[in-house]
Amino acid sequence: MDRTAGKDLALAPLQDWGEETEEGAVFSVSLRRQLSQRSSPREGPGGSQASSPAVDAFLHYRTSKVRALRAARLERLVGELVSGDHEQDPGFVPAFLATHRAFVSTARVLGLLLPPPPPPLPPGTEIKETEAGGLPVNKNLRAVVSVLGSWLRDHPQDFRAPPAHSDLGSVCTFLGWAAPAGPEAWEAEKLLGDFLEEDERKQEDEEQPEAWTVPPGATQTPRPDSPEGCWEEEEAVAREGPELLDFSVDEVAEQLTLMDVELFSRVRPCECLGSVWSQRDRPGAAGTAPTVRATVTQFNMVIGCVLGSVLGAQGLAAPQRAQRLEKWIRIAQRCRELRNFSSLRAILSALQSNPIYRLKRSWGAVSRERLSTFRKLSQIFSDENNHLSSREILSQEEATEGPQEEDPLPGSPPPKLPPGPVPYLGTFLTDLVMLDTALPDMLEGDLINFEKRRKEWEILAHIQQLQKRCRNYCLSPRPPILVALRAQRQLSEEQSYHVSRVIEPPAASCPSSPRIRRRLSLTKRLSAKLSREKGSSPGGSPGDPSSPTSSLSPGSPPSSPRTRDPPPGSPPASPGPQSPTTKLPLSPDLAGPRPLSLPLSSSHISLPGQQGSEARVIRVSIDNDHGNLYRSILLTSQDKAPSVVQRALQKHNVAEPWARDYQLFQVLPGDRELPIPDNANVFYAMSPAAPRDFVLRRKDGARHTATISST
């Protein structure tokens, strides 16, 4: 066995041993096989050391106990940054730095981490020997400086606190006496200077009035009450320059990829945390997760461009409109070749949206070759074919290596990996929101559940790895195409559906056409995936209807009526139509690819510390004027209806959430509902075969619903 193989075995855990509890901390313990020192060579004649191939190939292993911090109080967690055994637990520091904002502020961590400066030495005192960089020979100080170096390098935005950036100032002060000549001190000073310069530049820009410009991704939709005669006028204004589809397929796909790469590379992974992203629509949280919001805007813009270009020109004949559909299919295929799954998902979502999907005559004029391409691309995000799921394909793309030389020269740099892929960010947002919902923040004894943070870090580390791969793209901006992208007229959902009905009136539809299958709800997809992992078939028949396809953002109108008539020869219904406002989900727990890396082993979640208690994740919306916005909550087998209603109202930020004023209904297939009695155990009262979607309604305004048995 070679040394490499021995090293791999040394890191492989043999089995979990259990837990060890200390004051304010719980450790998980595992037994790992580790490579021990090789036996001493035998001495040959004359005192020489003799060895044989058999002895050289023989390696000794020993089993050792390895501990990893599972839960602790905050002071113990911060202390572990400095005093922990990072060889045994190398993932602790990066996991803490990446996720700490979910449970503690940066200022609080620094207050516990940074030691006070030493008192001034009396005159004539001999200065003890120091290491390179002026750092005193002190293990704790070395560890603190090392942690700060990783923090400054990997998460510099954590220290941004305008106008004074006091947290970063404290770091500079500490490094000024602990390691004045070290690289960490230089990096901290440079970062502080960059922050102050950016603040000054931003202030100057705010003081100077700017000419009105269209920001990237901004919609240029006419007013909903604008007369139809304005369509031609606006269309004439848009025709002053070349239209988006006047450019080649490669040019459009490459510019979309360039924009997606730039935005994805700027995403701060900590903004993707479920506890951070889920706060985005709370009062006063307009600035929450700006880098993630930028990707939402870009994703929405791409969908709007597809809708506007296909539906905008009302006077086109079906073959002409089919040419536009075909071109977008070719652009989507080129995005797939460029490994850009973000714009690929956006284009497919637009083509699958009801206003475009229902155009029977236009789809009927699309060539068979393009329809076949569309079907294959749609399978990437299909919920019914796990073998071709987007995540599996993404993993395959990540494993792709660039061209390698047969005999690389010794000392030559490693081969450069191919660029990308650019992922659909909604996948990770869904995972993290579900993870935040399913696992508690605190455990018994007021201990922070750091095992939850480790699982979150696994996903964030994946995002960071993809961001590094995206640096390998070599694409140049083409201003004319970018201008055409931003100038493309975009339609609201109501306008899109209205224009679609003008292009092809509902009378042209065929009532006997099969109904378009709606997308599976998130909780049903999760259960189906977990059932497949256990070797059983997913619950429900493939044709069972599920939750509504469209998950509207706050303030958007209800979904437009859906037609039952996909056009003959039209693309498959497996991906399901999608409302134009369902873009990159503003609530990632509403839609998106099937979550995969969740720490769940069955459709029921076993709660830690509560024997015999199970749980499942449900989605709850409120029947109001703000759209069909769902929130995920964790439902345990002990929860009664009042507590579920109260938690759901809190999730929706409802003012004065009086649970007694609302009643909970489970949404069933066929536009039916199951009322949950006020004092019922929701876990057992709900229908297990139906999607786990619920709606809250005020009791004084509840509509008549037929009582349906839950059995």
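Student: At what angle do the axes of α14 and helix α17 cross, and within what distance do they come?

Tutor: In this predicted model, the axes of helix α14 and helix α17, the latter covering residues 368–380, come within 10 Å and cross at roughly 115 degrees. The crossing of these two helices is left-handed.

Student: Which residues make that contact?

Tutor: On the α14 side there are F341, L344, L348, L351 and Q352, and on the α17 side there are F374, L377, S378 and I380. Sorted by class, seven of these residues are nonpolar and two are polar, while no charged residues take part.

Student: OK, and what about α12 with α14, how do those two sit?

Tutor: The axes of α12 and α14, where α14 spans residues 341–352, come within 8 Å and cross at roughly 40 degrees. The two helices are therefore oblique to each other, and α12 passes α14 in a right-handed crossing. The contact is built from F299, V302, I303, V306 and L307 of α12, together with S342, S343, R345, A346, I347, S349, A350 and L351 of α14. By class, that contact divides into nine nonpolar, three polar and one charged residue.

Student: I347 is on that list, so what else does I347 touch?

Tutor: Not counting residues up to four places away in sequence, I347 touches L256, V302, V306, W328, I331, A332 and C335.

Student: And which residues have the most contacts inside the largest nonpolar core?

Tutor: Those are L148, W328, I331 and I347, in a core of 120 residues. The element that gives the most to this core is helix α12, residues 290–311, with eleven residues. A second, separate core has 24 residues, including L635, A641, L664 and V682.

Student: Why would nonpolar side chains be buried together?

Tutor: As a general tendency, nonpolar side chains in soluble globular proteins tend to be buried together.

Student: Back to α12: are α10 and α12 roughly parallel or roughly antiparallel?

Tutor: Helix α10, which covers residues 249–266, packs with α12 at an angle of about 160 degrees, with their axes 8 Å apart. The cut-off for roughly antiparallel is an angle over 145 degrees, and α10 and α12 are therefore roughly antiparallel to each other. Their crossing is left-handed. From α10 the contact uses L256, M259, D260, L263 and R266, and from α12 it uses T291, A294, T295, Q298, M301 and V302. The residues of this contact divide into six nonpolar, three polar and two charged.

Student: Switching topic, is A98 buried or exposed?

Tutor: A98 is buried, with a relative accessible area of 3%, and the cut-off for calling a residue buried is under 20%. A98 lies in helix α4, which runs over residues 92–99.

Student: What is A98 in contact with, then?

Tutor: Leaving aside its neighbours within four places in sequence, A98 is in contact with H155, C270, L273, W457 and L460. Also, the C-alpha atoms of A98 and E271 are separated by 9.9 Å, although these residues are 173 residues apart along the chain.

Student: Last one, how many helices and strands are in the whole protein?

Tutor: The protein has 25 helices and 13 strands, and buried residues make up 49% of its 711 residues. Among contacts between residues at least 6 apart in sequence, 74% join residues at least 24 apart.

Definitions and conventions: Residues numbered from 1 in each chain as written. Predicted model: local features only at pLDDT ≥ 70, side-chain atom pairs only at ≥ 80, totals over all residues. Heavy atoms only, no water. Core = buried A, V, L, I, M, F, W, Y, C linked by side-chain atoms within 4.5 Å. Buried < 20%, exposed > 50% of the residue type's maximum accessible area, 1.4 Å probe, protein only. Helix = DSSP H or I, 4+ residues; strand = E, 2+ residues; numbered from the N terminus. Contact = heavy atoms within 4.5 Å. Axes fitted to C-alpha atoms, helices over the stretch in contact; angles between N-to-C directions. Parallel < 35°, antiparallel > 145°, perpendicular 65-115°, else oblique. Left-handed = near helix turned anticlockwise from the far one by under 90°. Nonpolar A, V, L, I, M, F, W, Y, C, P; charged D, E, K, R; others polar.
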